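Hi everyone, thanks for making time for this. I'd like to walk you through one structure, piece by piece, and please keep the picture in view while I talk.

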Amino acid sequence: MSDTMQQMTLAARPVGAPKDSDFALVEKPLPIPAEGEVLVRLHAFSLDPYMRGRMDDAKSYAAPVPIGGVMEAGGVGEVIASQSPHFNVGDIAFGMFGWASHGCLPANQLRKLDDALPTSTALGVLGMPGFTGWYGLTQLGRPKAGETLVVAAATGPVGSMVGQMAKARGLRTVAIAGGADKCALALEKFGFDAAIDHRAHEDASSLRKAIAEAAPTGIDIYFENVGGKVFEAVLPLMNTFGRIPVCGMISGYNSGALGGGAVAEAPDRLPVLWRSILVKQMSVNGFIISNHYDQYPAFLKEVAPLVATGQLAYLEDIAEGLENAPRAFIGLLEGRNIGKQIVKLT
């Protein structure tokens, strides 16, 4: 076993879109677990849009990654040393190890994984993204059979979970995705009733017409994870008592300040937004999924059997090697990935 490990650190805070020079690959001595700790050799880790916000020095629900700090991420891997009675060498564990080849954490911060399913599912469909989609839809979207749901980034791990869960509950499901290939996936793999390519529409007005055709009775639930042009297109189509769970606004992340830069540059449409919420008596709920892990067992109970039997589909986009994580992350923010973005190490 090597006595060193590798980590990808934040070398500089991005101005606009991240670039390769904002990251640095460093080598460090392999940690020795103290009492109660577990050392894991990572097989894979997750890349997610929220990580862009951690690169900004801006006040948020979580502290930013410091310059020189390890980029954060959930990862899965094999226990190679343990000072905890709850983990043995050879166990497979999930934890927030960061962009790294190895990680050492207290046992109470890890989750032992069942090897009945591919371990990568703990990063996507059965991990934080899938849980985000399930929680936002079931607890905040409050779906009812016969209603219409719209979700953007529909072939990603959040959007595809939302669409499939809504379809199973008897809703009409409309996908918004970037490109004809992703729209085809939304229809053929994830079972959406309709799919719209937002890149085929130059502005919100044109996109709105396409959405209106796909949702002729209006929209009851819009699952918000993108913002920007899509949100502008959707808002006038919301029905009375509509629900908008908000888990992200990826279109503005590269503007800096956790997306606040995009808001500052855009025209002030807040009066229109607030009036729409009032007149249509809508529920708009922002949520941070880390605050709701008391519901995670219920999520697994419902969704894990569906994944195991193939009734619920998922896609993974694999990048090979820690050194390629920055390019994969940059591509993720540009929408180049197809499915859940994962970095595979072994």
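I'll go from a sheet to its helices, then to the cores, and end with one more helix. One thing to keep in mind before we start: this is a predicted model.

Let's begin with the sheet. Find the open sheet of six strands, in the order β10-β9-β8-β11-β12-β13, with parallel pairing. At its edges sit β10, residues 194-197, and β13, residues 283-286, and each of these pairs on one side only. On average, neighbouring strands in this sheet are turned by 15° against each other, if we ignore direction. For anyone new to sheets, strands pair through backbone hydrogen bonds, and they can do so in parallel or antiparallel fashion.

Now zoom in on β8 and β9. How many bridges join β8 to β9? There are five, and the two strands run parallel. You can pick out facing residues here: Leu149 stands opposite Thr173 in β9, and Ala152 stands opposite Ile176 in β9. As for β9 itself, five of its six residues are buried, so we can call this strand mostly covered.

Let me stay on β8 for one residue, Val150, which is found in that strand. Is Val150 buried or exposed? Its relative accessibility is 0%, so Val150 counts as buried. What does it touch, once we leave aside neighbours within four places in sequence? The contacts of Val150 are Val174, Ile176, Ile211, Ile219, Ile221, Tyr222, Phe223 and Val234. Take Ile211 from that list: Val150 and Ile211 are 61 residues apart along the chain, while their C-alpha atoms are separated by 8.6 Å.

Next, the helices around this region. Helix α3 packs on the sheet and touches β8, β9 and β11. The direction of α3 makes about 170° with that of β8.

Then there is α2, which is mostly covered, with twelve of its 14 residues buried. Among the buried ones are Pro129, Phe131, Trp134, Tyr135 and Leu137. Where does α2 meet α9? Gly130, Phe131 and Trp134 in α2 meet Tyr296, Ala298, Phe299, Glu302 and Val303 in α9. By class, that contact has six nonpolar residues, one polar and one charged. When we describe two packed helices, we give the angle between their axes and the distance between the axes. For α2 and α9, the axes come within 10 Å and cross at roughly 95°. Angles from 65 to 115 degrees count as roughly perpendicular, and α2 and α9 are therefore roughly perpendicular to each other.

Two loop residues are worth a stop. Arg142 lies in the loop between α2 and β8, and it has a positive phi of about 45° although it is not a glycine. With a relative accessible area of 36%, Arg142 is partly exposed. On the other side of the strand, Ala153 is found in the loop between β8 and α3. Ala153 also has a positive phi, about 50°, and it is not a glycine either. Its relative accessible area is 38%, so Ala153 is partly exposed too.

On to the cores. In soluble globular proteins, nonpolar side chains tend to be buried together. Here the largest nonpolar core has 31 residues, and Trp134, Leu149, Met161, Phe299 and Val303 touch the most other members. Which elements give two or more residues to this core? They are α2, β8, α3, β11 and α9. A second, separate core of 30 residues includes Met8, Val40, Met51 and Leu105. Coming back to Leu149, its contacts include Leu137, Val162, Ala166, Thr173 and Ile221, not counting residues up to four places away in sequence.

Last stop: helix α10, residues 325-333. This helix is mostly covered, with eight of its nine residues buried. Those buried residues are Ala325, Pro326, Ala328, Phe329, Ile330, Gly331, Leu332 and Leu333. What covers them? The covering elements include β1, β2, β3, α1, β14 and β15. Just after α10, Gly335 takes a positive phi of about 80°.

That's the tour, so please go ahead with your questions!

Conventions. Residues numbered from 1 in each chain as written. Predicted model: local features only at pLDDT ≥ 70, side-chain atom pairs only at ≥ 80, totals over all residues. Heavy atoms only, no water. Buried < 20%, exposed > 50% of the residue type's maximum accessible area, 1.4 Å probe, protein only. Helix = DSSP H or I, 4+ residues; strand = E, 2+ residues; numbered from the N terminus. Contact = heavy atoms within 4.5 Å. Core = buried A, V, L, I, M, F, W, Y, C linked by side-chain atoms within 4.5 Å. Axes fitted to C-alpha atoms, helices over the stretch in contact; angles between N-to-C directions. Parallel < 35°, antiparallel > 145°, perpendicular 65-115°, else oblique. Nonpolar A, V, L, I, M, F, W, Y, C, P; charged D, E, K, R; others polar. Pairing = 2+ DSSP bridges.
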